[in-house]
Amino acid sequence: MQIQRIQTIYLLLASVLTGIFLFIPFGSLTLSDAPDANVSKIFMDLKPINFWSLMIPSATGALLLFIDIFLYNNFKLQKTVLSIAILLIIVSTALVVYINISHAGDGELQWSGGICLLIASLIGAIAAMSRIRHDEQLIKASNRLL
């Protein structure tokens, strides 16, 4: 089997990256039990799987990106589903920033690389949208020739 459409690879890559994001920490928080520096500290990883408000749009976006691979026969539907997935990835990225900022006052916050997966997924989804539009224009141009 040969993949002839580059947007299939972009969609698969974006779907996998968003799926991996669900299990990778996007930040870590160091909490102190007491104001005294000699007291033990608690380390907490911030993962999407611990936040329903973040897990739902991320998982839905990954699922829509995967489903979008198989909608190659209908450009309009494929672009609509991809637009919704892009919106969900943007919402997930905004939620990551909001969660990290809201927890920054609780202790010492360190950003992790999880948000980079969402950004890479967003880039892949936008590249797939560009290639879908390019294919749509090619088909329209070939129809004019006939």
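Two residues are said to be in contact when heavy atoms of theirs lie within 4.5 Å. Helices (H or I, at least four residues) and strands (E, at least two) are DSSP runs, numbered from the N terminus. The structure above is a predicted model, in which local features need pLDDT of at least 70 and side-chain atom pairs count only at pLDDT 80 or more, while totals for chains, interfaces and linings use all residues. Residues are numbered from 1 along each chain as its sequence is written, and side-chain values use heavy atoms, with hydrogens and water left out.

The protein chain contains four helices and three strands. Their order along the sequence is α-β-β-α-α-β-α. Of the 146 residues in the protein chain, 38% are buried, a word that stands for under 20% relative accessible area (exposed is over 50%, and partly exposed lies in between, with a 1.4 Å probe and protein chains only). Contacts also link distant parts of the sequence: among those between residues at least 6 apart, 73% join residues at least 24 apart.

The path begins with helix H1, which covers residues 6-21. H1 has 16 residues, and the distance from its first C-alpha to its last is 23 Å, close to the 22 Å expected at 1.5 Å a residue. The expected span is 1.5 Å times one less than the number of residues in the helix. The buried residues of H1 are Gln7, Thr8, Leu11, Ala14, Ser15, Leu17, Thr18 and Phe21. An α-helix has 3.6 residues a turn, so residues three or four places apart point the same way.

Helix H2, at residues 52-68, can be examined in the same manner. Its 17 residues should span 24 Å at 1.5 Å a residue, and the end C-alpha atoms of H2 are indeed 24 Å apart. Within H2, the buried residues include Leu54, Ser58, Ala62 and Leu65.

How do these two helices lie against each other? Two packed helices are described by the angle between their axes and the distance between the axes. Axes are lines fitted to C-alpha atoms, for helices over the stretch in contact, and angles run from 0 to 180 degrees between N-to-C directions. H1 and H2 pack at an angle of about 155°, and their axes are 8 Å apart. H1 is therefore roughly antiparallel to H2; angles over 145 degrees count as roughly antiparallel, under 35 as roughly parallel, 65 to 115 as roughly perpendicular and the rest as oblique. The crossing of H1 and H2 is left-handed, meaning that the near helix is turned anticlockwise from the far one by less than a right angle (clockwise would be right-handed). Among the residues of H1 that meet H2 are Leu11, Ser15 and Thr18, and those on the H2 side include Ser58, Ala62 and Phe66.

Serine 15 shows this meeting in detail. It counts as buried because its relative accessibility is 9%. Beyond residues up to four places away in sequence, serine 15 touches Ala62, Leu65 and Phe66. A polar atom of the serine 15 side chain lies 3.1 Å from the backbone oxygen of alanine 62.

H2 also packs against helix H3, residues 75-103, at an angle of about 155° with the axes 8 Å apart. H2 and H3 are therefore roughly antiparallel to each other, and their crossing is left-handed. The residues of H2 that meet H3 include Ser53, Pro57, Ser58 and Gly61, and their partners in H3 include Gln78, Val81, Ser92 and Ile99.

Which residues does serine 58 touch, not counting residues up to four places away in sequence? Serine 58 touches Thr18, Phe21, Leu22 and Ser92. This serine lies in H2 and is buried, with a relative accessible area of 1%. A polar contact of 3.0 Å joins the side chains of serine 58 and serine 92; such a contact is a pair of N or O atoms within 3.5 Å, where within protein one must be able to donate a hydrogen and the other to accept it, and residues adjacent in sequence count only if both atoms are side-chain atoms.

The loop between H2 and H3 holds leucine 71, which is buried at 19% relative accessibility. Outside its neighbours up to four places away, leucine 71 touches Leu77, Gln78 and Val81.

Farther along, tryptophan 111 belongs to strand E3, residues 108-111. Tryptophan 111 is partly exposed, with a relative accessible area of 45%. Its C-alpha is 4.3 Å from that of glycine 27, although the two are 84 residues apart in sequence.
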